[in-house]
Structures are given as C-alpha cells and as structure tokens.
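Here's a quick walk through a protein model, meant to be read with the structure open beside you. Take a look first, then we'll go through it piece by piece.

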Amino acid sequence: EKLYIRKRDGRFACWKCRETEGFQGAPEYAFAEILGTPIAVIRKALYGYNGDRVVSSINLPFKDFLDDDDDLVEVAQEEVIPQAVFPYHCITLDYKGAKKGVDYLESRGIPLEVAKRYHIRYSPEKEAIVFPIMVNSVLVGWQYRVIGKTEELLEDNTIVSRPKAWSSTGIPRDRVFMFQDNLIASPHAVLCEGPIDAIKTDLVGGGVCAMGKAVTQAQVNRILRSGVRKVYVALDPDAFMELDPLLAKFQDAVEVLRVTIPAVGPKPDLGALTFEEAKKCILEAKPLKRNGLHIWFKPLPHTGNGGTIHG
C-alpha cells in the first residue's frame, strides 16, 4: 500500500522505507526486493542487459499503482528516523574549548573548513572527536574517537582504561553509513572503514564510512539505491576476507574497484595520506574480481639472524 511506481519513467518510491532506508529510485531495486531476484537479472529483463538503461521495454508483470495519474503524489508521512541530539558537551569546532580537537584534526591533515563541512564536533569532557552519523541531514547518532589518554591511574594505584573509539546507542549500524549523505547525486561511492579514511576522499566525493570491516547487505542496498554506477572499495588491506562476500552482495549491479593503499608509517592507511594522495590512489583503482586469491603480508618481528619473517 505504500509502494508507488511512476509510469512516465519507472521511478519508484516507498513512502515509509524511503525515510528509514532511502528506498526509492530506479525500478530494478523495487523488483529485486519484491521478487527476490538479483538486480543483474532484473536489469536484463528491463533494459536488455545489466548496464545502463538503453531499452525502455518492461517485460515483467507488475501492478500499475497509478491507473489515473502519471505522477507520484506526495503524501505526508510520520517521521520514523530515530533522530538524536548531541550531548551538551559536544561542541562545534568554532568554540575556543574545541581547540584541542581542531589541532588534532589538523595534525591528521584535515583543515577546519573541511571538518566543519562534515559537521564534526569535539567533546572536552570525553577528550574526543565526535563524528556525526546523519541520514538525509538528520542526526541519528555519533562516534567518539579519543585523542587524549585512554588509561588513568587512580589513587589506589589501579589503572582504568577506556576504549579508543565508541558509538552512541541506538544507531542502526547495519543499515546506515557515516557520511552517507555524500552519496546524494554522486556517480560513485568510496567505501571506507573509518571516518578519517572517508574524509580523505573529499576531493573525489562519495566517501562513506562503514564503521568497521564488515559491510552488510542492507548497507550495500543503500549504496545501490543511491544510483551510483561505480564503487571504490577502500577498506584497510587486512579486510581481504570481506572482499569476495562484498562482491557477491553487489550482484554485478555496479562496477566494483579495489583501491590499493600505500603504507605510510607502520601500515597502509588511507587516513594517513594527503587529500591529493588519496585521490590518486582512488583514481588508479583496479577492478575487483570475484574468486581471486587475496593475500596480505603483515611484517613480524625480526629473526635472530637479521631476516624478516612475513606471515
């Protein structure tokens, strides 16, 4: 009762799910959900092949939801996004009390003007950078990243430690990305693991943060529904076990490329690069092929004879 398809161009919208999951756009995504069929198969039936649309025939049986009208009619819907509010101690970077956070970001190569565009805040109370998680400009949560000490010595000589990074509660992490509004009107997505990595893709655009190595099918669907035609995978090199499952989730619906990240310091890290270096890496990405053998060698301590063991 809430799914409508416009006869003029096939564009669909679910009045409920488009608010929570961005479920709207090209018709193949609606049919893939309804029929449980891979997007590549749907595109073959709709357009003649699984690339860009070149054939306007639609051979799949479907209900004409708008018998009399040729346009979608906007209707008011109840807001179901779990909107969040920053705690009082999460201040904007313009405040003097945020100087330590501004200095940290600049030390990571992120100038103030860029940080403000990403709506980053700082918490003097937590001594942490605050990265917002927003859906259609609505705050749904945030992630803290401590820039001060993570261990504290108490009076009784016990040591209390806290995590380097943690998130607010109630975030639908399996369904959203940090900075996912970067996908709006972008022809491609750059899939990153952490927030600093995603920000470093700013010169290319489309950078999103999965907040971890694992990427769920719901997150993949969100990328596909955004209308991108190309996905650059810029996960850390030690996420190689996720590559084949990730390709399977995309179902050949888009071109998927693997970004090779050079080692800067002790390990390869996109966040350690400059904006220009990150752009170069992304634009030089190679197609990621399924059923390949992905090997990552991590240096281990030196052996007694001066050689290096790799495993």
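How many bridges join strand S13 to strand S14, and do these strands run parallel or antiparallel? The two strands, residues 230-234 for S13 and residues 255-258 for S14, run parallel, with 4 bridges joining them. If you want a spot to zoom in on, Tyr 232 stands opposite Leu 257 in S14. Keep in mind that this is a predicted model.

That pair belongs to an open sheet of 5 strands, ordered S12-S11-S13-S14-S17, and the pairing in the sheet is mixed. At the edges you'll find strand S12 (207-209) and strand S17 (286-287), each of which pairs on one side only. As a reminder, strands of a sheet pair through backbone hydrogen bonds, either parallel or antiparallel.

Zooming out, the protein has 9 helices and 19 strands. Of its 311 residues, 43% count as buried. Take the contacts between residues at least 6 apart in sequence: 58% of them join residues at least 24 apart.

Now for the nonpolar interior. In soluble globular proteins, nonpolar side chains tend to be buried together. Here are the two cores side by side:

| Core | Residues in core | Some members |
|---|---|---|
| Largest nonpolar core | 42 residues | including Ile 120 and Ile 199 |
| Second, separate core | 37 residues | including Leu 3, Tyr 29, Leu 224 and Phe 250 |

In the largest core, Ile 120 and Ile 199 touch the most other members. Several elements give two or more residues to this core, among them helix H4 (99-107), helix H5 (112-117), strand S6 (128-135) and helix H9 (275-283). Strand S11 (188-192) and S13 are also on that list, as is H6, so to speak of the sheet again, S11 and S13 sit next to each other in its order. Ile 199 is worth a closer look: leaving aside its neighbours within four places in sequence, Ile 199 is in contact with Ile 110, Val 114, Tyr 118, Ile 120, Phe 131, Phe 179 and Phe 275.

Which residues lie nearest the centre of the second largest pocket? They are Arg 145, Gly 194, Pro 195, Asp 197 and Asp 236, out of 13 residues that line this pocket. Strand S7 (138-146) and helix H6 (195-199) are the elements that give two or more residues to its lining. H6 gives the most, with 3 residues. The lining is made up of 7 charged, 3 polar and 3 nonpolar residues, and the pocket holds about 280 Å³ of space.

Note on methods:
Residues numbered from 1 in each chain as written. Predicted model: local features only at pLDDT ≥ 70, side-chain atom pairs only at ≥ 80, totals over all residues. Heavy atoms only, no water. Pairing = 2+ DSSP bridges. 1 Å grid on protein atoms, 1.4 Å probe; cavity = no way out; pocket = protein on both sides within 12 Å on 5 of 7 lines; lining within 4 Å. Points joined across faces, edges and corners; volume = space filled by probe spheres on them. Nonpolar A, V, L, I, M, F, W, Y, C, P; charged D, E, K, R; others polar. Core = buried A, V, L, I, M, F, W, Y, C linked by side-chain atoms within 4.5 Å. Buried < 20%, exposed > 50% of the residue type's maximum accessible area, 1.4 Å probe, protein only. Contact = heavy atoms within 4.5 Å.
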